[in-house]
Amino acid sequence: MSILVLHKKNLSRRRHLARAREYARQHGERLLLVMKDPDWEADYVDRVEIADTSSIEETLTAARRLAAEESEPFTAVVTFAEAPVPAVARVAAEFGLPGVPERTARLARDKWQMRRAFTEGGVPQPRHGLARSRQEAREVARHTGFPLVMKPVLGTGSMFVRSVADEDELAEYFDTFRAGAWDGFTYDPLHESAQREYGGGLLLEEFVPGTEICVESVVHEGAGTVLAIHDKPLPTGPTFEEVYACTPTRLPAATVKAVEEATAAVHRALDIRTGATHVEFRLRGAENDPADPPQPVVLEAAARMGGGPIYRSVQLSTGVDMVAAVLDLACGRAPHIEPRPEPVPVGFWNIFPRRAGTFTGATGLEEVRADPRVDEVEIYRKPGEDLLVPPRTFQGHGHLIYTVERTELLDPAFRELTGTLRLETE
């Protein structure tokens, strides 16, 4: 029996693939990898098939080739990255494997279709519209109001996402972000069809002030279990790179319940009945008014587990192994989910330099590695490589994960650790 992993180059997924290898060996299965440009990833699998997972058809052809050449059938197909989600759904449908429907995979990637599904499902969301020109953008802005957020129809990690305060800023940034929203995601399997369908348009949304959170869940036979809610204190705009997140949430119990109910509504709207999900909300309203608690407004959702350090963060905090849970679900098994009664406070930092440029080195690296609070620190890049900063990149150039004894220590520890470690550029 074999587990098929469809992958896209992502430097933060080493731990995911290592756990997948361990899982496959525990269950006596081979681990097969399909990706375009394997390097260190090949060390974690039994076989690599070269194919561009940006193409659903090329990926499906590779899967058929593997099925014909392997002596054992596939038991599962998974991905730990965003872009291959539609390809996973196609392969699952082809081979009769557990997974989300192809329509769901499209809804979880195409933010315009996602918005339509939320409207039909009655899920609270920002006012929004699609604009292909500055004139259309001004018309949409009359509906959304200012400030508003510009974002790609496709995309991930807040790349080419920005808030604008007024018509002057909208005119200044619209064309650049509209071009980047398509030029920056040519690798996406849905890129060609979506660009044609939307005429190269940019999604504009009402800016929802308030606390931002992300919710990590697993769904088994239609029933979702929220494992962790991460607070996201930074950034506050105008760009929204995922710099800092921490768990457990500091939201009051009534708000947590509302978030859990909203997450279930998101799952229903997108028809997610199996797998892991990552859902992002803003909380509209006053946080400290018990008579009128803040209401969750969905920003977007993904039919896969959260990216980067979220896997390790959930594992450290709750004791739940989301990679194992994803693999269980993909294999048709009931996942083992037993969160510890009292979660451990965990924070993580996706590391960017202060400015784009050529990477010259990391100062303070050995100091933070020696800090007993630090569980893991990784720098993905080597000196001499060019480092981009948001909004022109979706991925940090390293990450740092730490634990503390009490939630009130999370923010001070973050400030201390980020003040020690720096990526230097020139």
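**View 1. Asp 166 lies in the loop between β7 (162-164) and α7 (167-183), helices and strands here being DSSP runs (H or I, at least four residues, for helices; E, at least two, for strands) numbered from the N terminus.** The model is predicted, and local features need pLDDT of at least 70 while side-chain atom pairs count only at pLDDT 80 or more, although totals for chains, interfaces and linings use all residues. Residues are numbered from 1 along each chain as its sequence is written, and side-chain values use heavy atoms, with hydrogens and water left out. Asp 166 has a relative accessible area of 33% and is therefore partly exposed, a class that falls between buried (under 20% relative accessible area) and exposed (over 50%), with a 1.4 Å probe and protein chains only. Together with Glu 167, Asp 168 and Glu 172, Asp 166 forms a patch of negative charge on the surface. Such a patch is made of residues with over 30% relative accessible area and no salt bridge, like charges being joined within 9 Å.

**View 2. Helix α5 (residues 111-121) is shown with its buried residues and its two ends.** The buried residues of α5 are Lys 111, Gln 113, Met 114, Arg 115, Ala 117 and Phe 118. An α-helix has 3.6 residues a turn, so residues three or four places apart point the same way. At the N-terminal end, Asp 110 acts as a cap, with a side-chain oxygen 3.0 Å from the backbone nitrogen of Trp 112. Just after α5 comes Gly 122, whose phi is positive, at about 70 degrees.

**View 3. Glu 82, in the loop between β4 (74-78) and α3 (85-95), makes a side-chain polar contact with Arg 304.** The two side chains approach to 2.3 Å, where a polar contact is a pair of N or O atoms within 3.5 Å and, within protein, one atom must be able to donate a hydrogen and the other to accept it, residues adjacent in sequence counting only if both atoms are side-chain atoms. Glu 82 counts as buried because its relative accessibility is 10%.

**View 4. Glu 70 and Arg 30 form a salt bridge between distant parts of the chain.** A salt bridge is a side-chain nitrogen of Lys or Arg within 4 Å of a carboxyl oxygen of Asp or Glu, and a search of the whole structure finds 40 of them. In the pair of Glu 70 and Arg 30, the closest N and O atoms are 2.8 Å apart. Glu 70 is in the loop between α2 (56-69) and β4, whereas Arg 30 is in strand β2 (residues 30-35), 40 residues apart. Glu 70 is buried, with a relative accessible area of 10%, whereas Arg 30 is partly exposed, at 31% relative accessibility. Both residues belong to a network of salt bridges that also links Arg 47, Glu 49, Arg 65 and Glu 69.

**View 5. Lys 151 and Glu 205 form a salt bridge, the closest N and O atoms being 3.3 Å apart.** Lys 151 lies in strand β6 and Glu 205 in strand β8 (residues 202-206), so this salt bridge ties together parts that are 54 residues apart in sequence. Both Lys 151 and Glu 205 are buried.

**View 6. Two cis peptide bonds are shown, one leading into Pro 147 and one into Pro 248.** The bond joining Phe 146 and Pro 147 has an omega of about -5 degrees, and Pro 147 is found in the loop between α6 (134-144) and β6 (148-151). The bond from Thr 247 to Pro 248 has an omega near 5 degrees, and Pro 248 is found in the loop between β11 (244-247) and α9 (253-270).

**View 7. Glu 221 and Asp 271 each take a positive phi without being glycine.** Phi of Glu 221 is near 50 degrees, and this residue lies in the loop between β9 (212-220) and β10 (223-234). With a relative accessible area of 65%, Glu 221 is exposed. Phi of Asp 271 is near 60 degrees, and Asp 271 lies in the loop between α9 and β12 (275-284). Asp 271 is partly exposed, its relative accessible area being 35%.

Technical notes:
Patch = residues over 30% accessible without salt bridge, like charges linked within 9 Å, V, L, I, M, F, W, Y side chains within 5 Å. Areas by Shrake-Rupley, 256 points an atom, 1.4 Å probe, with all protein chains shown as cover. Lys, Arg positive; Asp, Glu negative; His and termini not counted. Charge placed at Lys NZ, Arg CZ, Asp CG, Glu CD.
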